[in-house]
Amino acid sequence: MSAPVWLKARADRCSHCGAHPQLQGHLPPCQPSGPLAEQLAREGRDLGMARTVAAHPDDAARVDAVLARFIASGRPFSANDTRAELEGVKGSVVGSRFSAASKARRIKRTGNRFPSTDPGTHLHHIDEWIAA
């Protein structure tokens, strides 16, 4: 992942990632830590989600429509509940659209977590959501 514009290299920064070693918790060789690492991780995640959605706009529209129905129901739901209606949709698009709905404050976590029913996720736990 290339460094964000605001972190482009200067003489006092790492020439690879742009971090300032003394001020931003940078660990050689080029391993950011602390708040910088968290920000870079968030940016990488968001960029990856945006690329996935851009590559699959029809899938994103399907997920958004299904999410809108679940949100309107007022009942708690998880990705497991939406899976039957989203057959064939790339899994990362589903996660991206759930994340976007959360950031837009359309949904919020209930605090409950369940094993995923998607075989590709190997039973990792997913959140339950409700309309915000």
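This is a short walk through a sheet, two helices and a pocket.

Before we start, note that this is a predicted model, in which local features need pLDDT of at least 70, side-chain atom pairs count only at pLDDT 80 or more, and totals for chains, interfaces and linings use all residues. Residues are numbered from 1 along each chain as its sequence is written, and side-chain values use heavy atoms, with hydrogens and water left out.

Let's begin with the sheet. Three strands, in the order β3-β5-β4, make an open antiparallel sheet. Helices (H or I, at least four residues) and strands (E, at least two) are DSSP runs numbered from the N terminus, and two strands pair if DSSP finds at least two bridges between them. β3 (77–78) and β4 (107–115) are the edge strands; each has a single partner strand, so one side of each is left without a neighbour in the sheet.

Now look at the pairings. β3 is joined to β5 (residues 125–131) by two bridges: Phe77 has Trp129 as its bridge partner, and Ser78 stands opposite Glu128. β4 and β5 are antiparallel over six bridges, and here Lys108 stands opposite Ile130 of β5.

Next come the helices. Helix α4 (residues 91–103) lies across β3, β4 and β5, at about 140° to β4. Axes are lines fitted to C-alpha atoms, for helices over the stretch in contact, with angles from 0 to 180 degrees between N-to-C directions. The axes of α4 and helix α1 (residues 34–55) come within 9 Å and cross at roughly 120°. Residues that make this contact (heavy atoms within 4.5 Å) include Arg45, Asp46 and Met49 of α1 and Ser92, Val93 and Arg97 of α4.

Finally, where is there empty space? Rolling a probe the size of a water molecule over the atoms shows it. A pocket is an open set of points on a 1 Å grid over the protein atoms alone, where a 1.4 Å probe fits, with protein on both sides within 12 Å along at least five of seven lines; lining residues have an atom within 4 Å of a point. The largest pocket has a volume (the space filled by probe spheres set on the points) of about 560 Å³. Its lining has 27 residues, with Ala79, Val94, Gly95, Phe98 and Ile126 nearest the centre. Helix α4 appears again here, giving the most to this lining with eight residues.
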